[in-house]
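Biologist: I would like to learn how to read this structure one feature at a time. Could we look at it together?

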Amino acid sequence: MKQNYTIRHGALDGVEVFLAVARRRNFRRAAADLGVTPSAVSQAVRALEARLGAALFVRTTRSVGLTEAGQRFLDRAGPAFEEIVAAGEAARDLGQRPTGLLRLSVPRAVVPLILEPVIASFCRAYPEIELEIAASDEMVDLATGGFDAGIRLGQFIAPDMIAVRLTPAFSFVVVGSPNYLKRRGRPERVDDLRHHACLRLRRSNGAIAPWSFVDGNGTIEAAVSGPLIAHDYPTLLGAAMQGVGLAQIPRPVAENPIAAGKLKPVLEGISATTPGVFLYHPGKRQILPKLRAFIDHLKSEM
């Protein structure tokens with residue numbers, strides 16, 4: 001059931017003035033503290049009393065005291081106003097220097113490749129920032145998830161996001177273990193994949209990703225089959241190294257096992273490419289210093 005809300009315009013008008021007078025018990029001294037004229041203070045207090053429908057001060061020619069209504073208002077409004085001021089200072093602090101909680105949504109494969117090499121140096125350089133890394137291959141909405149930024153392959157980033165390149169473009173390479181290729185042979189064409197155990201990736205939307213290859217100026221997609229479906233590249237990589245089957249993996253993820261001889265690439269001449277990995281965020285107006293510090297640190301370390 002829909003509820004009706006009334007917006008109380010100017011609910012805080014005059015509160016700061018009231019608190020200054022209540023603290024000083026003097027209109028002139030309160031005016032001096034606030035940097036305004038005594039008449040402006042008197043006018044603000046009268047407007048507040050009119051809005052509340054109760055007198056807040058007892059005034060004589062020699063003193064200023066609180067009425068019962070004024071005392072009750074002071075007891076409740078004083079702490080509340082202090083919290084509002086503190087909240088403003090905390091928000092202002094986040095906007096002026098690198099501090100606070102920085103939450104990032106990243107794919108699991110990105111953590112060892114891009115983040116692990118810079119986490120320690122970043123935490124040392126910015127001790128007032130708490131870095132939280134949520135490693136998941138699901139596509140998340142940054143705003144509803146409470147994230148400051150995300151890291152993803154360029155083709156999966158919405159066009160209304162601000163994207164910062166972290167890597168050059170790279171290929172998706174099909175790899176298999178030496179033992180697997182010895183048993184099953186090397187595929188020479190895309191059509192040969194029908195006779196191979198192909199390890200597949202299920203995307204966050206539930207669809208199984210086809211394997212992509214270049215074909216002249218275009219691309220072709222192959223619907224492959226095999227014994228394993230995983231939700232992330234590290235799992236596919238591990239299974240491929242164990243000889244379970246072939247996997248199509250981002251080249252940077254497979255680079256070390258290839259160099260160590262644990263995996264061998266096949267069909268390299270027709271490998272599809274991706275624009276690369278990007279950090280993205282919705283901050284079209286102003287990037288908070290904590291995120292700007294992280295972006296600059298990443299760029300300087302890569």
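**Two helices and a sheet**

Modeller: Let us begin with a pair of helices in this predicted model: α1 and α2 are oblique to each other, because the angle of roughly 125 degrees at which their axes cross falls outside the ranges for roughly parallel, antiparallel or perpendicular pairs. The axes of α1, residues 15-24, and α2, residues 27-34, come within 8 Å, and α1 passes α2 in a right-handed crossing.

Biologist: Which residues of α1 and α2 meet?

Modeller: From α1, the residues are Glu16, Val17, Ala20, Val21, Arg23 and Arg24, and from α2 they are Phe27, Arg29, Ala30, Asp33 and Leu34. The residues of this contact divide into six nonpolar and five charged, with no polar ones.

Biologist: Is Leu34 buried or exposed?

Modeller: Leu34 is partly exposed, because its relative accessible area of 28% lies between the cut-offs of 20% for buried and 50% for exposed. Leu34, which is found in helix α2, touches Glu16, Val17 and Ala20 when residues up to four places away in sequence are not counted. Leu34 and Ala20 are 14 residues apart in sequence, and their C-alpha atoms are 7.8 Å apart in space.

Biologist: Turning to the sheet, what is the order of its strands?

Modeller: Five strands form an open sheet in the order β4-β3-β5-β15-β6, and the pairing is mixed. β4 and β6 stand at the edges with a single partner strand each, so one side of each is left without a neighbour in the sheet. From one strand to the next, the twist averages 25 degrees.

Biologist: How do the strands pair with β15, and where do the side chains of a strand point?

Modeller: In a regular strand the side chains alternate between the two faces of the sheet. In β15, Val277, Leu279 and His281 point one way while Phe278 and Tyr280 point the other way, and all are buried. β5, residues 149-153, runs antiparallel to β15 and is joined to it by four bridges, with Phe278 as the bridge partner of Arg152. β6, residues 162-165, also pairs with β15 in the antiparallel sense over four bridges, and there His281 is the bridge partner of Ile162.

Biologist: In what sense do β3 and β4 pair, and which helix lies across them?

Modeller: β3, residues 100-106, and β4 pair in the parallel sense over seven bridges, and Gly100 has Ile129 as its bridge partner in β4. Helix α5, residues 110-125, lies across β3, β4, β5 and β15, and runs at about 170 degrees to β4.

Note on methods: Residues are numbered from 1 along each chain as its sequence is written. This is a predicted model: local features need pLDDT of at least 70, side-chain atom pairs count only at pLDDT 80 or more; totals for chains, interfaces and linings use all residues. Side-chain values use heavy atoms; hydrogens and water are left out. Axes are lines fitted to C-alpha atoms, for helices over the stretch in contact, and angles run from 0 to 180 degrees between N-to-C directions. Angles under 35 degrees count as roughly parallel, over 145 as roughly antiparallel, 65 to 115 as roughly perpendicular and the rest as oblique. A crossing is left-handed if the near helix is turned anticlockwise from the far one by less than a right angle, and right-handed if clockwise. Contact means heavy atoms within 4.5 Å. Ala, Val, Leu, Ile, Met, Phe, Trp, Tyr, Cys and Pro count as nonpolar, Asp, Glu, Lys and Arg as charged, and the others, Gly among them, as polar. Buried means under 20% relative accessible area, exposed over 50%, partly exposed in between (1.4 Å probe, protein chains only). Two strands pair if DSSP finds at least two bridges between them.
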